[in-house]
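Please examine the sequence and the model shown here. A short report on the fold, the core and the surface follows.

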Amino acid sequence: MWRNSSYILRVSSTKSVGKVGYRPIKSAKKRLKDKLRILTSRKRTGTFREIVKRINQTTVGWINYYGIANMKTFIREIQAWLNHRLRQLIWKRWKLLRTKYAKLRQYGIQHDEAMKTAHSRKGYWRISRSEVLHQAIPNKRLVKWGLKDLSQLYERRYSKD
């Protein structure tokens with residue numbers, strides 16, 4: 001039935017005090033992260049909505065497949081990393097200083113902070129970690145723009161079994 005062994009769920013089992021748990025193997029986690037890295041590449045074309053749609057397809061499929069495993073910490077880490085990548089992508093797409101400033105002001109940042117951040121010479125990755133960008137684009141806004149919350153997906157999937 002399964003000709004290619006890569007389709008078989010590969011998990012490593014852990015045994016602690018009276019419980020048997022499963023975790024996805026490191027290579028599966030790495031493949032997910034690599035795939036998300038490609039999907040959130042700064043040079044990627046397409047609209048933000050299309051990118052989020054592809055990310056959702058990937059993450060929902062992965063969680064449905066590996067959802068029986070214990071990976072709460074991994075899901076939390078990958079969600080934070082993914083949000084960071086998306087903020088970086090958004091910041092790059094704003095390109096012009098006046099666009100960056102206007103968008104920051106639109107999302108409720110004060111004039112001085114917006115001006116300082118928009119004119120910063122720091123790179124995309126560094127700016128996407130800044131407090132100002134986190135205030136402008138909080139996790140709730142990313143979810144509002146269509147990104148599915150991985151923790152909720154995982155909790156829902158994990159509680160089924």
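The report begins with the overall fold and then turns to the interior and the surface.

This is a predicted model, in which local features need pLDDT of at least 70 and side-chain atom pairs count only at pLDDT 80 or more, while totals for chains, interfaces and linings use all residues. Residues are numbered from 1 along each chain as its sequence is written, and side-chain values use heavy atoms, without hydrogens and water.

The protein contains 9 helices and 2 strands (DSSP runs of H or I with at least four residues, and of E with at least two, numbered from the N terminus). From the N terminus, the order of elements is β-β-α-α-α-α-α-α-α-α-α.

Of the 161 residues, 35% count as buried (under 20% relative accessible area; exposed is over 50%, partly exposed in between, with a 1.4 Å probe and protein chains only). The largest nonpolar core has 36 residues (buried Ala, Val, Leu, Ile, Met, Phe, Trp, Tyr and Cys joined through side-chain atoms within 4.5 Å). Residues with the most contacts inside this core are L36, I55, L86, W94 and L104. Elements that give two or more residues to the core include α1 (26-39) and α2 (48-66), and α3 gives the most, with 10 residues.

Two residues illustrate the accessibility classes.

| Residue | Location | Relative accessibility | Class |
|---|---|---|---|
| L153 | helix α9 | 14% | buried |
| K122 | loop between α5 (111-118) and α6 (124-128) | 48% | partly exposed |

L153 and T59 are 94 residues apart in sequence, yet their C-alpha atoms are 9.0 Å apart in space.
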